[in-house]
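Welcome, and thanks for taking a look at this one with us. Please have the sequence and the model open side by side as you read on.

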Amino acid sequence: MKASGSLPMLVMLFLFNLCQAALVINASTNTICRKPYIIYMGELPETNSAAGTAVDSHNSLLLEAIGDKVIGATYYNLDSGTIADQTPVDQDGHGTHTSSTAAGVSVAGASLYGLAEGTARGGVRLARIAMYKVCWSIGCTDMDILAGFDDAIADGVDVLSISIGGSPRPFFEDSIAIGSFHAMKKGVFVSCSSGNSGPQLTTVENVAPWLMTVAASTIDRQFKASVKLGNGATISGISINTFSPKKQMYPLISGAQAANISGQAYGNASACDWGTMSKSKVKGKIIYCLGFSGQDSTIKDLGGSGVIMSADEESEIANLFVAPATTTTARDGTRINHYINSTKTAKAVIYKSRTVHMNAPFVASFSSRGPQSITPNILKPDIAAPGLNILAAYSELSSVTGINGDNRFAKFDILSGTSMACPHVAGAAAYVKSFHPEWSPAAIKSALMTTATSMKLKQQDAELGSGSGQVNPTKALDPGLIYDINKSAYISFLCKQGYNSTTIRLLTGGKKLYNCSTFPAAKGTDGLNYPSMHFQLQNTNSVISAVFYRTVTNVGYKNSVYRAKVNSPEGLEVTVVPKAFSFSRLLQKRSFKVVLKGKFIKERDWILPASLEWSDSYKHIVRSPILVYRSLYDDF
């Protein structure tokens, strides 16, 4: 634990227009804050803790003691324009969900209408949460984001969990890169979501090397909602369907059969596009729709009893719908359509979802992939964490879908996204920091990355989707070795990337100018003591030639010997110099280099994944992924 005896402090900033300040963490609590104020729960913290200094920096805010979890909440609207309801309260559930994932208390019997039932708890259930709301329905502005960063850092938080994203920009133009650099200088760990634009390559967001970029992986739980047809056939679909059928069977037609007679509407009735169907034909029936585009709202508005959608591509994502609904494969959709057209009295029923087991983990299809274009030889994302079908607390100010007309309000909800993965790593970082309060953000990041578990189910894009692998918080407590990085090393790295004193000051802030000539030249292909190693070929047919310089610090046993083990594919030669080193005390440092040579053997190969493992006799395994990438197309 921290020397002061206080618990880790997490501050939550949230995604896009879904950013809210969550107050209902414990299901037994129903407290709602309708004014911007700092909330104290239980004993007032010491003045140097997060909410303590918040009193000084927000001295006009109301103080109130109402619990012991969320100790602070405020909002920012410096240049977002007119906002109707300016409040830190969570009005859509996203903030409650992510914050409870990071640090929610244990709640037995948690579920969404019986689905995913069990005990829900956050990553560090004893941690406190301070909330800084920087996004509104219109989006998030750089000014509000930076203001939130500044106050959170000044308030003394330990960990920042930021489920906010956008297209990568040069670091001196990127408010999250700037804010997280300032956080790093003050010893604050920053966890960020990698984005939800997968599985396309070069879509990863939040790529600054001083923050942790988190991909979304799957868990071994899936939700299936079956459809039974009037001919006795049962078809399994993927859906979070909380509705139980009130009848044994319902009339079943296709969107095409429900089309408006006039045919004047724009769109495709077969796909159940809005405005293409007749209410009289839809009412009371289950409608089969081609494709998947949120047709449940349309069918509900027209009085339908349910909807079956056929996805063009198979997906592991179970969606929550406003009406009884499920999503089938295109092949099963063809079977359903054939049945509809084979009889004049087609019938069907959609059953409530059931929980089934699936193999996991693998990187979720929506999770953004590398490589990145801002600093091409830094592998992003850094790590993966659960982000699919995550049950967590939810705001009862929003329906479970957030759609008008949905009358389901619950204390828990099931959501998917890298927004859900990010707080898992924030919680893991707080857990590690509680045991190692003296570690820098880079040291904590290194511990999490080098102890991560390789993805059980391999995918074509490998580490471009998962980085170092699946986070393993308990192993991160004892990593053996760490790759540490300080502010000066990051500045040397920026100099290597072509930044100058002007652009560096835009990032670092203040009046001080940093002259690159006064800093040691960053060495090697990437110029940074990073826990992973990545090389992008500039020319598809070029030979591979790269060198990485690394320094590790001993945080395991004082008398230990580490030996290198390399796993590499055909065409890639990985040489480690030296292949072994010894330590005689804690915090002792050892340096080595890794040389890559070779070429792509197969014409259509585009990645060569390898790894370096340092191991000692005490069962420490310090693993670094090595990835060589070449573009077969024009990515950037």
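Let's start in a loop: alanine 410 sits between β22 (390-393) and β23 (412-415). Keep in mind that this is a predicted model. Is alanine 410 buried or exposed? Its relative accessibility is 11%, and because buried means under 20%, alanine 410 counts as buried. Leaving aside residues up to four places away in sequence, alanine 410 touches Leu112, Tyr113, Tyr394, Ser395, Glu396 and Val400. Leucine 397 lies 13 residues from alanine 410 in sequence, and their C-alpha atoms are 9.2 Å apart.

Now for two sheets. One is an open sheet of four strands, ordered β24-β26-β30-β28, with antiparallel pairing. Its edges are held by β24 (481-482) and β28 (572-577); each has a single partner strand, so one side of each has no neighbour in the sheet.

The other open sheet has five strands in the order β25-β32-β31-β27-β29, and its pairing is mixed. Here β25 (533-536) and β29 (580-583) are the edge strands, each with a single partner, so again one side of each is left without a neighbour in the sheet. From one strand to the next, the twist averages 15°.

A strand pair from each sheet is set out below.

| Strand pair | Sense | Bridges | A bridge partner pair |
|---|---|---|---|
| β24 and β26 (residues 544-554) | antiparallel | two | leucine 481 and asparagine 554 (in β26) |
| β25 and β32 (residues 621-629) | parallel | four | histidine 534 and leucine 627 (in β32) |

Technical notes:
Residues numbered from 1 in each chain as written. Predicted model: local features only at pLDDT ≥ 70, side-chain atom pairs only at ≥ 80, totals over all residues. Heavy atoms only, no water. Pairing = 2+ DSSP bridges. Axes fitted to C-alpha atoms, helices over the stretch in contact; angles between N-to-C directions. Buried < 20%, exposed > 50% of the residue type's maximum accessible area, 1.4 Å probe, protein only. Contact = heavy atoms within 4.5 Å.
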